[in-house]
Structure formats: C-alpha cells, structure tokens
Amino acid sequence: LVFSERGEVISAGNFHGEYPAKVLDYLGIAVNELANISERRIDRLINPAYSQLPAFLTKRGGLNSGFMIAHVTAASLVSENKVLCHPASVDTLPTSAGQEDHVSMGGFAARKCLQIVNNVENVLAIELLVAAQALDFLRPLKTTAPLEAVYQLVRSVSQTWEDDRFMAPEIEAVTSLLRDGKVWDTVRPYLDTYESTVACNVRQEKEGCCGCRSIQENGSGSGDSHQSLQTRKRHKLGHSNNTTAHTLEEIEN
C-alpha cells in the first residue's frame, strides 16, 4: 500500500504487477518495429533489383556470398521477435493452492522485452554494416555529413568487405557502438545544430510578415514601402465594404 500524502509504503501482501507487465509487453512490440523496418532496408540494399548495386554487396559474387547470410540472420532475429512480442500479461495461472488466483506474468514480460531489445540492436548493427558497404560502392560520392561521420565510426571497428570472412565479431563490435551510445554521440551535434536552425527560422516567422520583411530588406525607403502596402490593404478592404453595402441596398429596394 502506498500512502503518497504521508510518504509511506506498507507491504500488505496485496501487490500486483499487471500494470508494469502490460507496459513491458507494449514496449517490446514498439521496439520490435525498429527491427522490422531495418530488415526491409537491409533487403533493399543487398537486392540489386532495388539498389542497382552488386548482389549481396560483394565484388566477386559466386565465390563470395557477401551479406546474404547477414540478412538471413537479421530476418531470423525479426521472426524470433514476432513470437516474443506475444503479450505475457494476457496469461495467468492460479498458484499457491488458489491463494494467488491471478498473476501478472510481469517477470516474463520483462525478460522477453530485454531479449527483444537485444535482437533489435543486432539487426540495427547488421544494417549499419550493410549501409557502410553500400556507400563504399558509391565512392567517390558522399552522403550527408552526419551519415559520413557514422560511416567513419563503423569503419573504425569493421573494414570494407573484399572477401567473405567471419562476421560475428564485427556484428558484435557494431552492436557495442549502439549500446555504448557512440552512434548517438556521433550524430547528436548535427541534430542539435539542425534543431537550433529550425528554432531560429520559427522565431523569424513569428516576428512578422515575410513580405514586409522582404520590402524592408530590399527597398531603401522601407518605411514608405511598408506604408504603401498598408494603404493598398485598406483601399482593398474599403472597396470590399462598399460592394457589400451596395448589395444590401439593392436587396432592400
């Protein structure tokens, strides 16, 4: 029992973890969507029908399978998550001779949610490896500055694929970059700059009419130009009012 007004908690044996169990079930479903869309992007990058790049992103197909098996791994993890996303909180079995007649299954909801998150991290790591390899085929072209920074981060733990090699250590290395927040730390400065620019533009829009600012910036007699603009607006409004008055007079007659 929680008495918030007194700041007191008393264990009375009538606990029930259904609410956190449901939240953890929802969390697992939501997080898994990141892996669902990531796996689809992986497929489009390694499929030459979509990407117009070499099949499975390998220069010597036939002798090498490239990222074919990496995609199979991602698809397997996504499929595993579909089973794990079944909500644990919908199940209950009475225990303790009927004393615990309704249980939340919150413990299992938490464990499977953690497994879903782990699987999602691995799928995202595979996508980062695939995307970096795809960029190598498009050189000397470059992508945006933040994505180039992420590319350099990935390449710091995984070099360009020339021939097939054991992928697991490099998938784990990129997964660690995600878990340690290094990918986020790499892109965050660019996002902060973007948000500052957007906020500045919004403030400028709120300061006044864009047309008025344009007249003030382009004309030497900005005050006269602005006054002329206001005069034209009043004339147009007066003409509209006169037209309405004439119409009402015709109706009365």
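Are R155 and D136 buried or exposed? Both of them are buried, where buried means under 20% relative accessible area, exposed means over 50% and partly exposed is in between, with a 1.4 Å probe and protein chains only. Before going further, a word on what you're looking at: this is a predicted model, in which local features need pLDDT of at least 70 and side-chain atom pairs count only at pLDDT 80 or more, while totals for chains, interfaces and linings use all residues. Residues are numbered from 1 along each chain as its sequence is written, and side-chain values use heavy atoms, with hydrogens and water left out.

Back to that pair. The side chains of R155 and D136 meet in a salt bridge at 2.7 Å, N to O; the term asks for a side-chain nitrogen of Lys or Arg within 4 Å of a carboxyl oxygen of Asp or Glu. R155 belongs to helix α5 and D136 to helix α4 (residues 106-137), so the bridge ties together parts that are 19 residues apart in sequence. Helices here are DSSP runs (H or I, at least four residues), numbered from the N terminus.

The structure holds twelve salt bridges, and some of them share partners, joining E39, R40 and D43 into one network. Another one stays inside a single helix: K22 pairs with E18, their closest N and O atoms being 3.5 Å apart. Both sit in helix α1 (residues 18-46), four residues apart, or about one turn of the helix. Why does that spacing suit a pair? An α-helix has 3.6 residues a turn, so residues three or four places apart point the same way. K22 is partly exposed at 29% relative accessibility, and E18 is partly exposed too, at 23%.

For a longer reach along the chain, look at E162 and K59, whose side chains form a salt bridge at 3.4 Å, N to O. E162 lies in the loop between α5 and α6 and K59 in the loop between α2 and α3, so this pair ties together parts that are 103 residues apart in sequence. E162 is partly exposed at 34%, whereas K59, at 52%, counts as exposed.

Now for the rings. A search of the whole structure turns up one aromatic pair. F67 and W161 have ring centres 5.1 Å apart and planes at 55°, so the pair is tilted; rings of Phe, Tyr and Trp (its six-membered ring) pair if their centres lie within 6.5 Å, with planes under 30 degrees apart counted as stacked, over 60 as edge-to-face and the rest as tilted. F67 lies in the loop between α2 (48-51) and α3 (68-84), and W161 in the loop between α5 (145-155) and α6 (168-179), so the pair ties together parts 94 residues apart in sequence. F67 is buried at 1% relative accessibility, and W161 is buried at 4%.

W161 has a charged partner as well: the charged end of R165 sits over its ring, 3.7 Å from the centre. That wording calls for NZ of Lys or CZ of Arg within 6 Å of the ring centre and within 35 degrees of the ring normal. R139 does likewise with Y151, its charged end sitting over the ring 4.7 Å from the centre.

Last stop, α6. Its buried residues are E170, I171, V174, T175 and L177. Seen down the helix axis, they fall within an arc of 150°, so they line one face of α6; the arc is that of the directions from the axis to the C-beta atoms. Just after α6, G181 takes a positive phi of about 80°.

Methods: Helices (H or I, at least four residues) and strands (E, at least two) are DSSP runs, numbered from the N terminus.
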